[in-house]
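Biologist: Could you pick one small spot in this model and take me through it closely, then work outwards from there? I'm new to this, so please explain the terms as you go.

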Amino acid sequence: MTIKEYVASEKLRLAEEVKGMDHVPCLAIIQVGDVPASNAYVRGKIKDCGEVGVDARHLRFPEEIAEEELLSEIQKCNDDPSIDGLIVQLPLPKHISEAKVKLAVDARLDVDGFHPLTSFVPCTPKGIVDYLRSEGFDFTGKNAVVIGRSNIVGKPMAHLLLKENCNVTVLHSKTKQEDMAFYVGHADLIVVAVGRLGFLDERFTYKPSAVIVDVGINRNEEGKLKGDAKEGLPVALQTPVPGGVGLLTRLSLLKNVLIAAKK
Ligand code: NAD
């Protein structure tokens with residue numbers, strides 16, 4: 001099944017689940033400023049919520065909002081019993097600390113999975129594991145290589161794959177090129193989250209049975225959306241960009257909202 005087909009069928013399943021719930025789940029989305037990419041992401045999340053019957057409450061604040069004021073708006077959401085999940089769209093303006101904001105969101109509402117005490121799995125790694133499982137990928141004992149060590153993708157991805165009994169190697173900006181080639185060449189699963197066009201290409205060798213999950217979001221010279229891996233690499237499965245991990249991430253957010261609403 002393609003990722004698009006998988007996400008569409010999962011959304012139908014979630015919509016049925018919402019119909020059987022005792023209340024309409026509510027996701028509050030806080031957005032600061034008017035960053036075009038953030039506008040597009042928030043629009044996507046609101047559309048997804050509409051498709052499965054989740055109430056999306058979009059709270060917009062001007063770019064100049066003071067950090068204190070934003071933290072107090074977050075607290076208002078934390079205290080609002082009608083809100084099941086709360087996310088703050090990133091990036092935030094420079095004068096606002098992302099770390100403080102992430103800590104301000106009540107861990108019980110933290111459907112992005114960013115709070116240190118959260119019980120929610122961050123959306124991108126969760127979406128990837130759920131999808132690979134649906135494709136029948138057997139994680140146990142597989143050599144998984146995660147390229148990138150960010151707090152929102154690389155690190156939680158590595159933890160999750162470890163939980164799935166993979167042998168996990170995390171590679172990053174300080175990894176030597178010869179080691180990168182070695183680990184990539186021995187990998188059964190490669191999750192690439194670097195943010196660099198063509199980071200994986202035919203300079204590397206791959207196991208023909210390998211799976212490449214492409215998290216990267218880049219623009220090429222023509223302004224087209226592209227991943228970190230060159231298209232058509234000689235592996236068994238390679239997720240596309242667009243129409244890949246981004247959709248899986250959005251699906252996981254809906255799943256986390258439903259989990260929050262049932263608590
Ligand atoms: P980031 O942008 O915070 O950091 C990049 C990571 O890449 C770092 O951990 C760094 O160690 C690693 N890196 C940089 N140069 C490297 C090199 N030469 N060799 C090996 N590793 C290197 O990471 P992020 O926030 O996880 O974002 C990574 C990419 O994934 C970006 O393109 C981002 O837009 C995209 N992303 C996509 C989704 C989605 O839903 N599709 C979600 C989150 C992030």
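Modeller: Let's start with proline 25 and what it touches. Leaving out neighbours within four places in sequence, proline 25 is in contact with Val18, Gly53, Val54, Asp55, Asp84, Val257, Leu258 and Ala261, where contact means heavy atoms within 4.5 Å. Before going on, note that this is a predicted model, so local features need pLDDT of at least 70 and side-chain atom pairs count only at pLDDT 80 or more, while totals for chains, interfaces and linings use all residues. Residues are numbered from 1 along each chain as its sequence is written, and side-chain values use heavy atoms, with hydrogens and water left out.

Proline 25 sits in the loop between α1 (3–19) and β1. Those labels come from DSSP runs, numbered from the N terminus: helices are H or I with at least four residues, and strands are E with at least two. With a relative accessible area of 0%, proline 25 is buried. Buried means under 20% relative accessible area, exposed means over 50%, and partly exposed is in between, using a 1.4 Å probe and protein chains only. One of its contacts, valine 257, is 232 residues away along the chain, yet the two C-alpha atoms are separated by 7.1 Å.

Valine 257 falls within helix α8 (residues 245–262), which gives the most to the shell around the ligand, with 3 residues. So what else is around the ligand? There are 21 residues surrounding it, and the closest are Arg149, Ser150, Val215, Ile217 and Thr249; a residue is near a molecule if one of its heavy atoms lies within 4 Å of it. An oxygen atom of the ligand is 2.6 Å from an N or O atom in the side chain of serine 150. Ligand oxygen also comes up beside the backbone: one oxygen atom is 3.5 Å from a polar backbone atom of valine 215, and one is 3.0 Å from a polar backbone atom of isoleucine 217. The protein covers 72% of the 850 Å² of accessible area that the ligand has on its own, with areas from the Shrake-Rupley method with a 1.4 Å probe, where for residues only the protein chains shown count as cover.

Next, glycine 216, in the loop between β7 (211–214) and β8 (218–219). Glycine 216 counts as buried, at 4% relative accessibility. Setting aside neighbours within four places in sequence, glycine 216 is in contact with Val192, Lys226, Gly227, Asp228 and Val241. Valine 241 has a quirk of its own: the peptide bond joining it to proline 242 is cis, with omega about 0 degrees. Proline 242 lies in the loop between β10 (237–238) and α8. There is also a cis bond from leucine 90 to proline 91, with omega near 0 degrees, and proline 91 lies in the loop between β3 and α4. Most residues other than glycine have a negative phi, and most peptide bonds are trans.

That brings us to asparagine 165, which has a positive phi of about 70 degrees although it is not a glycine. Asparagine 165 lies in the loop between α6 (154–163) and β5 (167–171), and is partly exposed, with a relative accessible area of 47%. In α6 itself, the buried residues are Gly154, Pro156, Met157, Ala158, Leu160 and Leu161, and their cover includes α5 (123–134), β4 (143–147), β5 and β6.

Let's finish with helix α3 (residues 67–79). At 1.5 Å a residue, its 13 residues should span 18 Å, and the end C-alpha atoms are indeed 18 Å apart; the expected span is 1.5 Å times one less than the number of residues. Which residues of α3 are buried? They are Glu67, Leu70, Leu71, Glu73, Ile74, Cys77 and Asn78. Seen down the axis of α3, these buried residues fall within an arc of 155 degrees, so they line one face of the helix; the arc is that of the directions from the helix axis to the C-beta atoms. An α-helix has 3.6 residues a turn, so residues three or four places apart point the same way. On the other side of α3, Glu68, Lys76 and Asp79 are exposed. The cover over the buried residues of α3 includes β1 (26–32), β2 (55–61), β3 (85–88) and α4 (98–104).

How values were computed: A polar contact is a pair of N or O atoms within 3.5 Å; within protein, one must be able to donate a hydrogen and the other to accept it, and residues adjacent in sequence count only if both atoms are side-chain atoms.
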